[in-house]
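Welcome, and please open the model in your viewer. We will go from stop to stop, with something to select at each one.

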Amino acid sequence: MSGSRAEAEQKGGSRQRLQVNEYKENQNIADTSLRPVQTTVLGVTAKVCLVPFSLSNYNTGQLKRPKSLLDKNSNSEVTCKKSKKAEIKKSCRRLLTPKMEATSSKEESTLQKSSLDVHAESNKWQYKSPSDTVVLSPDTESSQEGDSDEDTTPGLDDFSELSPYERKRLKNISENANFFASLQLSESAARFREMIKKRQPPESKRKKPKKKENETGCRRSMRLLKVDPSGVPLPAAPIQTVLEVDENPLIPPGPLEMTPENQDDDNALFKGFLQTWAEMSKTRSKNTEKELSSIKSYKVHLNGMVISEDTVCKVTRGSISSMAIHPSEMRTLVAAGAKSGQVGLWDLTHQPKEDGVYLFQPHSQPVSCLYFSPANPAHLLSLSYDGTLRCGDFSRAVFEEVYREETRSFSSFDFLTEDASTLIVGHWDGSMSLVDRRTPGTSCEKLIKTSLSKIRTVHVHPVQRQYLITAGLRDIHVYDARCLNLSRNQPLISLTEHTKSIASAYFSPLTGNRVVTTCADCKLRIFDSSCISSKIPLLTTIRHNTITGRWLTRFQAVWDPKQEDCIVVGSMAQPRRVEVFHETGKWVHSFLGGECLASVCSINAMHPTRYILAGEAVAT
């Protein structure tokens, strides 16, 4: 018992000694922690008291800043803050200003490095004033850790009063400057400049070869030197003027004899040909009005028309620009005008067919219009771009000159009277001429100005002959011939439905109650002209490809004189064909010739009484 009691007293004494030692040890630590530690940053001395503590005996209310110390700091904080700012400003200016003014990359990198060192030192120590003493406690330490991201440089913040974003920006700028300084770009650029200067080769001037005194020269042609073999210069050759030969020479004014270019004019065949034309002119067919046949019977007649090798022949040397069919019911005679100014005549009843072709040259430029006279079919009138209008009289074998004006270019003409004594001629400049064949001379009676810039076709109403229709560039005008004067004439009616260039406009051949137009917008339009004094409304629009290109003659849709409610027009479709449409827009017939019809039939003409179609190939 005594032994156990002694052991218990020994243990209790040891515990008391441990507690006393621990208390003394803590008291010694507290005494040592209160010893101030002096630290100098940027010329400012700060006293910091370090207070260690034990986590086992930690209490939130034990280790706090002493109240007396807080009271002392609060009194001196305001007075010391201003002096601290001034001293920090001076020190920062003394350190930063000379470095910022440096221009080299090394000085810039040193500046950024020194600023970073200042930031690092300021982050390590927090200072208030040289005489202030800061005691670290758990509360203050935790608050400092939470604010470390926002306020990393308290000394500089008081100096510059920058926001967190601006401090972060300055930090990034310093880091980038250090990075670029580590690359040493300026030194590398200087080395490259030196290398380039060293590698540049010296400018070497090309040395001219020295001529040898006794060297033999190159041989030259004596003909080019214009000397004879003995070395005597040849006399200068006389200059020979070369006259340029025009492909289409101007035709002299006055009447021209009918001299065929492809056959002998003394040939008996040619004399018989002229006699045949004269006899046919005496037996003219009477134009008696008759009712139109039905479309069904009309189709039957068209289906009976075929193309064969006997009905295909080359009439002119160049491409055809105009065509006409003689109204004779006994023989088939076709006239064709070419772009070269030639006029070809072909008698289809003559065999072999080459002997029935006669070629004449009454014009020097393209023949744009051909008509047989309605009063005397032995007269063939031709109009050309060369400014001449001629009448071929087969009874006298001569081409008479009806109208001549070389300063203008003619495009189309038509007969104003039924006896074909008065003509209306359209010009390419938009004017018209009134020509009377009964007056002597080759001048016009009246030159008429219109509002059109260009006239392509002129056509007279078949019944009310005082009305005429002209196709311009984009508009179609209807005029009253009785009111035409020398000044600019205004049209009675204008058709403005066309969107592109117009090729032609024609009245229907018997009554004139319809007008067909051909336009480059791939449309054929049919208008109602029964009440021409008031207006001409649009009836039908037919979709048709009218784009012939540059080298082909433009399409011109014409009426069939036997069936004036049907139109005939060429086609660009393959195989080549000629198409017939009704005025309602319905397709009626297509002439397909196979190998015999290998060309595009831009210009077509129908016989007034017989089922004969003339184009760049002839179907009978």
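The tour below starts with the whole chain and then moves to single places.

**The whole chain**

Keep in mind throughout that this is a predicted model. Show the protein chain as a cartoon and colour it by secondary structure: there are 9 helices and 32 strands to find. The chain has 620 residues, and 40% of them are buried. Switch to a surface view and you are looking at about 37300 Å² of exposed area, with 53% of it supplied by carbon and sulfur atoms. Contacts that link distant parts of the sequence are worth a thought too: of the contacts between residues at least 6 apart in sequence, 54% join residues at least 24 apart.

**Helix 6**

Select residues 164-183, which form helix 6. How far apart are its end C-alpha atoms? They lie 29 Å apart, and this agrees with the 28 Å that 20 residues should span at 1.5 Å a residue. Now step just past the helix to Q184, where phi is positive, at about 60 degrees.

**Two alanines in loops**

Most residues other than glycine have a negative phi. Two alanines on our route do otherwise.

Select A397 in the loop between strand 11 (388-393) and strand 12 (398-404). Its phi is positive, about 55 degrees, although A397 is not a glycine. A397 counts as partly exposed because its relative accessibility is 22%.

Go on to A420, in the loop that connects strand 13 (410-415) and strand 14 (422-427). Here phi is near 60 degrees, again a positive value in a residue other than glycine. Is A420 buried or exposed? With 0% relative accessibility, A420 counts as buried.

**A small enclosed space**

The model holds 2 cavities of 30 Å³ or more. Let us visit the second largest, with a volume of about 30 Å³. To see its lining, select L250, I251, S364, D386, T388, R404 and E406. Colour these residues by class and you will get 2 nonpolar, 2 polar and 3 charged.

**V516 in strand 23**

Select V516, which is part of strand 23 (residues 514-519). V516 has 0% relative accessibility, so it counts as buried. Which residues does V516 touch, leaving out those up to four places away in sequence? Show S504, A505, Y506, R525, I526, A557, W559 and I567 to see them. Then draw a distance from V516 to E583: these two are 67 residues apart along the chain, yet their C-alpha atoms are separated by 8.8 Å.

**I542 in strand 25**

Next comes I542, found in strand 25 (residues 538-543). I542 also counts as buried, since its relative accessibility is 3%. Beyond the residues up to four places away in sequence, I542 touches C522, K523, L524, I526, I567, F581, H582 and G585. Pick F581 from that group: I542 and F581 are 39 residues apart in sequence and 8.6 Å apart in space, C-alpha to C-alpha. Keep I526 and I567 on screen as well, as V516 touches both of them and I542 does too.

**A cis peptide bond**

Our last stop is P575, in the loop between strand 27 (563-570) and strand 28 (577-582). Most peptide bonds are trans. Zoom in on the bond from Q574 to P575, though, and you will find a cis one, with omega near -5 degrees.

Methods
Residues are numbered from 1 along each chain as its sequence is written. This is a predicted model: local features need pLDDT of at least 70, side-chain atom pairs count only at pLDDT 80 or more; totals for chains, interfaces and linings use all residues. Side-chain values use heavy atoms; hydrogens and water are left out. Helices (H or I, at least four residues) and strands (E, at least two) are DSSP runs, numbered from the N terminus. Buried means under 20% relative accessible area, exposed over 50%, partly exposed in between (1.4 Å probe, protein chains only). Contact means heavy atoms within 4.5 Å. Accessible areas come from the Shrake-Rupley method with a 1.4 Å probe; for residues, only the protein chains shown count as cover. On a 1 Å grid over the protein atoms alone, a cavity is a set of points where a 1.4 Å probe fits but cannot get out, and a pocket is an open set with protein on both sides within 12 Å along at least five of seven lines; lining residues have an atom within 4 Å of a point. Grid points are joined across faces, edges and corners, and a volume is the space filled by probe spheres set on the points. Ala, Val, Leu, Ile, Met, Phe, Trp, Tyr, Cys and Pro count as nonpolar, Asp, Glu, Lys and Arg as charged, and the others, Gly among them, as polar. The expected span of a helix is 1.5 Å times one less than its number of residues.
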